[in-house]
Amino acid sequence: MTRIASHRGGTLEFGDSTPQGFAATAAMALEEVEFDLHPTADGAIVVHHDPTLDATTDMTGAIADLTLAEVKAATIRYGAGSHPMRLEELCALYAGSEVNFRCEIKPGVDGLPYQGFVAPVIATLERHSMLKRTIFSSFLVASMDELAQVSSRPRLWLVSPSVLRQLGPDAVVETAVSHGIPEIGVHVDTADAALMAKVQAAGLDFGCWAAHSRAQITKALDLGVKVFTTDRPTLAIAVRAEHRGEASV
Ligand code: FE
């Protein structure tokens, strides 16, 4: 069965990386919750998509330049007055949930990996008994490599449309294989059966991301990808149930 990952806690249904979205996702009949992490200036780990607060909260600034208290003072837009969560809070929220973690390691404002960030993320997840329930993702091959050095947990490389276009499918597969990356995910609009077959022929798992519309979700289900992320988890659950019903007739 194709797995569903609620992207940033279901952005189009609950706001971007909101406590409400993560709480709602924890109770949903899906497999994964996707979230993104950034470090604060004082060493905390915050669940937020962008490296800055500018676009999604009432404050500005790079998370890595702010203290946890400053980040916590930000109010998330369309977040019903809520504030960005710490990774520890997310762990607590999912301790009793059947939904597992899909943890994206984000770069900083400069597009480069945060120095020494992966190890404390792994340690925090381990401390809260969530590491064994986590698969990691990143757009950066350097972050894939860093993850492999400190953990044997599964990793998936997010391949952007521009990287797929520039490298081409063969070089994407070659890069994944040479870095020991077991799974890749592409934007759903760039996914097709030929690409999936090529990836799978190399022994890699294939998934896609950004399946937000009914048509995109249906495409992912028709292809039979391993997993897709969606900003509309409630819709995705309904479409998958319909799809499975049709498949069993
Ligand atoms: Fe993400």
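Phenylalanine 35 and phenylalanine 101 are both buried. Keep in mind that the model is predicted. Let us start with these two rings.

Phenylalanine 35 and phenylalanine 101 form an aromatic pair. Their centres are 4.8 Å apart, and their planes stand at 75 degrees. That makes the pair edge-to-face, because planes over 60 degrees apart count as such. Where do the two residues sit? Phenylalanine 35 lies in strand β2 (residues 32-39), and phenylalanine 101 lies in strand β5 (residues 100-105). The pair therefore ties together parts that are 66 residues apart in sequence.

Phenylalanine 101 has another partner, tyrosine 94. Here the ring centres are 5.5 Å apart and the planes meet at 65 degrees, so this pair is edge-to-face too. Tyrosine 94 has 0% relative accessibility, so it counts as buried. Phenylalanine 101 has 1%, and so it is buried as well. Ring pairs thus link Phe35, Tyr94 and Phe101 into a cluster. The structure holds 4 aromatic pairs in total.

Now move along the chain to helix α9, residues 214-223. Which of its residues are buried? They are Gln216, Ile217, Ala220, Leu221 and Leu223. These residues cover an arc of only 165 degrees around the axis, so they lie on the same side of α9. The face turned away from that buried side carries the exposed residues Ala215 and Asp222.

What covers the buried residues of α9? The cover includes three strands: β8 (183-187), β9 (205-209) and β10 (227-230). It also includes the helices α8 (193-201) and α10 (233-248). Just after α9 comes glycine 224, with a positive phi of about 80 degrees.

The backbone has more to show. Most residues other than glycine have a negative phi. Two residues here are worth finding with that in mind.

One is alanine 210, in the loop between β9 and α9. Alanine 210 is not a glycine, yet its phi is positive, at about 70 degrees. Is this residue buried or exposed? Its relative accessibility is 11%, so alanine 210 counts as buried.

The other is tyrosine 78, which is found in the loop between α3 (68-72) and β4 (85-86). Tyrosine 78 is not a glycine either, and its phi is positive, at about 55 degrees. Its relative accessible area is 77%, so tyrosine 78 is exposed. Alanine 210 is buried, whereas tyrosine 78 is exposed.

Conventions:
Residues numbered from 1 in each chain as written. Predicted model: local features only at pLDDT ≥ 70, side-chain atom pairs only at ≥ 80, totals over all residues. Heavy atoms only, no water. Buried < 20%, exposed > 50% of the residue type's maximum accessible area, 1.4 Å probe, protein only. Helix = DSSP H or I, 4+ residues; strand = E, 2+ residues; numbered from the N terminus. Arc of directions from axis to C-beta. Contact = heavy atoms within 4.5 Å. Phe/Tyr/Trp six-rings, centres within 6.5 Å; stacked < 30°, edge-to-face > 60°.
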